[in-house]
Amino acid sequence: MYKFMSKAELELMPEIDRVIREAECFWMTGIPASTRAFMEKRGQFPKHLILGPKICAWRLSEVQEWIRTRPQ
């Protein structure tokens with residue numbers, strides 16, 4: 001039997017990294033997918049991971065670091 005952790009449970013363990021999908025990445029950054037793709041190509045946003053033929057995600061820790069270090 002598998003137990004899936006909720007988002008709240010995962011947030012209590014910050015040392016565990018996870019991947020986030022498009023909707024959550026947009027929610028965190030406010031940047032549309034097309035703009036993020038352009039930024040990725042220029043090295044201005046973390047590279048996405050390919051999880052399947054039409055599935056991509058980003059490492060949460062990399063997106064959080066990008067948010068913390070980006071110029072205001």
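Mentor: Let's start with a term: strands here are DSSP runs of at least two residues, numbered from the N terminus. Keep in mind that this is a predicted model.

Trainee: Okay, so what is the place of Ile55?

Mentor: Ile55 sits in strand E3, which covers residues 55–59. Its relative accessible area is 33%, so Ile55 is partly exposed, since that class lies between under 20% for buried and over 50% for exposed. Together with Val19 and Leu51, Ile55 makes a nonpolar surface patch of about 230 Å².

Trainee: Now the helices. Why can buried residues line one face of a helix?

Mentor: Here's the general idea: an α-helix has 3.6 residues a turn, so residues three or four places apart point the same way. Now take helix H3, residues 33–41, where Arg36, Met39 and Glu40 are the buried ones. Looking down the axis of H3, these buried residues fall within an arc of 105°, so they line one face. Ser34 and Lys41, on the other side of H3, are exposed.

Trainee: What do the buried residues of H3 pack against?

Mentor: They pack against helix H2 (22–29), strand E3 and helix H4 (60–69). Just after H3, by the way, Gly43 takes a positive phi of about 80°.

Trainee: And Thr29 in H2: buried or exposed?

Mentor: Buried, because its relative accessibility is 12% and the cut-off for buried is under 20%. The Thr29 side chain reaches the backbone oxygen of Cys25 at 2.8 Å. Leaving out residues up to four places away in sequence, Thr29 touches Arg36, Phe45, Val63, Trp66, Ile67 and Arg70.

Notes
Residues numbered from 1 in each chain as written. Predicted model: local features only at pLDDT ≥ 70, side-chain atom pairs only at ≥ 80, totals over all residues. Heavy atoms only, no water. Patch = residues over 30% accessible without salt bridge, like charges linked within 9 Å, V, L, I, M, F, W, Y side chains within 5 Å. Areas by Shrake-Rupley, 256 points an atom, 1.4 Å probe, with all protein chains shown as cover. Salt bridge = Lys/Arg side-chain N within 4 Å of Asp/Glu carboxyl O. Helix = DSSP H or I, 4+ residues; strand = E, 2+ residues; numbered from the N terminus. Buried < 20%, exposed > 50% of the residue type's maximum accessible area, 1.4 Å probe, protein only. Arc of directions from axis to C-beta. Contact = heavy atoms within 4.5 Å. Polar contact = N/O pair within 3.5 Å; in protein donor to acceptor, adjacent residues only side chain to side chain.
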